[in-house]
Amino acid sequence: MQRVVVAGLGDAGLLTAIKLAGRFEVVGISSKPGLVSGQELGVRISRPADWARDYWIGFERYRALDRVRTVHGVLTGVDLDARTVEVDLGDAVSTERYDALVISTGVSNGFWRRPQRQTRSEIDAELQQAHARFAAASTIAVIGGGAAAVSAAANLAGALRTAHVALYFPGERALPQHHDRVWRRVQRRLQDLGVALHPGHRAVVPEGFGCDEITSEPVQFAGGQPEARADAVLWAIGRVRPNTGWLPEEVLDADGFVAVDDQLRVPGRPEVFAVGDVAATDPLRSSARNRADGLVAHNVRAHFDGGTPRRFTPTSRRWGSVLGAQPDGLEVFTPGGRAVRFPAWSIDRVLQPLIVRRGIYRGVRDT
């Protein structure tokens, strides 16, 4: 049986491994002992218990991973000719052979998306520490205009009713990669929650600062506006760094992301694929959010079986959930900006247990 190594078991890698399990001998490599999703930052920092229930799930709970051997370690190298990857296990180094390699190691972005090896207790402690920092603050400044920043501002304002939350973003509107309708709807929600909106504020990033800490120092702005002061400052400015330090430059683009063709295959390496935020598919790196896990799994099968590979078509806008589940339900936006609403009662009774856990993940055991 051919062996497929899935390098990275985040949102995209986990689903890819599930779709390949059974047909191949699948080895999944992850620096975490379970899925620690990069989604829904706002819920993560404002309601960590709610977030962990749906987005921090040990690999042993996924029924479809019973046929996958998971390796808890950090990738440190690859030999493309010998078809092996090297993994630091913390107390030893192992080598894993592959017939096909799927690269899905994602990106680093703030304190909520880090590539280092972590234990369960370390992940739990990190969740609580971040929440405690914001819960203790009477004033909170969120820097950035993307979905992560907007979600953080809205959810913190909703959960911490005594805190004053302000959102600073560089353009005339936030969510520039979403349809205009999305911003207009979310803007009304932010205003209803009492979030102070500050458009046209491009923050000056301090020298040597990686935007991966919660700070309390005053924030300066390039336009000369008065500095922002807050007890807790969240930097969510989209300064992502691909987790590709273990890969040779020959498979990377100028920004360090994995170069792929429209079949999500690395040029010149027909047995190597990439999917998710690490793959240089388009400016939005949209294979992370358009169910491209199914496409890359199909193309891996086609590689071995001589079938016809499928082509990935990027989207021109971001879509999906922006604020995450709220007390009054969940809104999911289409690429055209239309809102699809799930009522609150349906989230725990239908959406999560039936659509997500049973349908998408093919079965998740209760704790």
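Is Leu264 buried or exposed, and what is its relative accessible area? Leu264 is buried, and its relative accessible area is 0%. Keep in mind while looking around that this is a predicted model.

**The chain as a whole**

Let's step back to the overall fold. The chain contains 8 helices and 22 strands. Its C-alpha trace extends over about 60 × 45 × 40 Å along the principal axes. For 367 residues, a compact globule would be expected to have a radius of gyration near 21 Å, and the chain agrees because its own value is 21 Å.

The contacts tell us about sequence separation. Taking contacts between residues at least 6 apart in sequence, 63% of them link residues at least 24 apart. As for burial, 53% of the 367 residues count as buried.

On the outside, the accessible surface amounts to about 16,100 Å², and carbon and sulfur atoms account for 48% of that. The charged side chains number 46 positive and 41 negative, with the centres of the two sets 8 Å apart.

**Helix α1**

A good place to zoom in is helix α1, which covers residues 11–20. Of its 10 residues, 9 are buried, so the rest of the structure largely encloses this helix. Among the buried residues are the leucines Leu14, Leu15 and Leu20, together with Ile18. Lys19 belongs to the buried set too, as do Ala12, Gly13, Thr16 and Ala17. In an α-helix there are 3.6 residues a turn, so residues three or four places apart point the same way. After α1 comes Gly22, with a positive phi near 95 degrees.

**Two residues with positive phi**

Now for two backbone details. A negative phi is found in most residues other than glycine. Glu40 has a positive phi, near 55 degrees, although it is a residue other than glycine. Leu264, also a residue other than glycine, has a positive phi near 65 degrees.

Where do these residues sit? Glu40 is in the loop that runs between β3 (34–36) and α2 (41–46). Leu264 is in the loop between β16 (258–259) and β17 (265–266).

The table puts their values side by side.

| Residue | Phi | Relative accessible area |
|---|---|---|
| Glu40 | near 55 degrees | 11% |
| Leu264 | near 65 degrees | 0% |

Glu40 counts as buried because its relative accessible area of 11% falls under the 20% cut-off. Leu264, at 0%, is buried as well, which brings us back to the residue we began with.

Notes. Residues numbered from 1 in each chain as written. Predicted model: local features only at pLDDT ≥ 70, side-chain atom pairs only at ≥ 80, totals over all residues. Heavy atoms only, no water. Helix = DSSP H or I, 4+ residues; strand = E, 2+ residues; numbered from the N terminus. Rg over C-alpha atoms; globule rule 2.2 N^0.38 Å. Buried < 20%, exposed > 50% of the residue type's maximum accessible area, 1.4 Å probe, protein only. Contact = heavy atoms within 4.5 Å. Areas by Shrake-Rupley, 256 points an atom, 1.4 Å probe, with all protein chains shown as cover. Lys, Arg positive; Asp, Glu negative; His and termini not counted. Charge placed at Lys NZ, Arg CZ, Asp CG, Glu CD.
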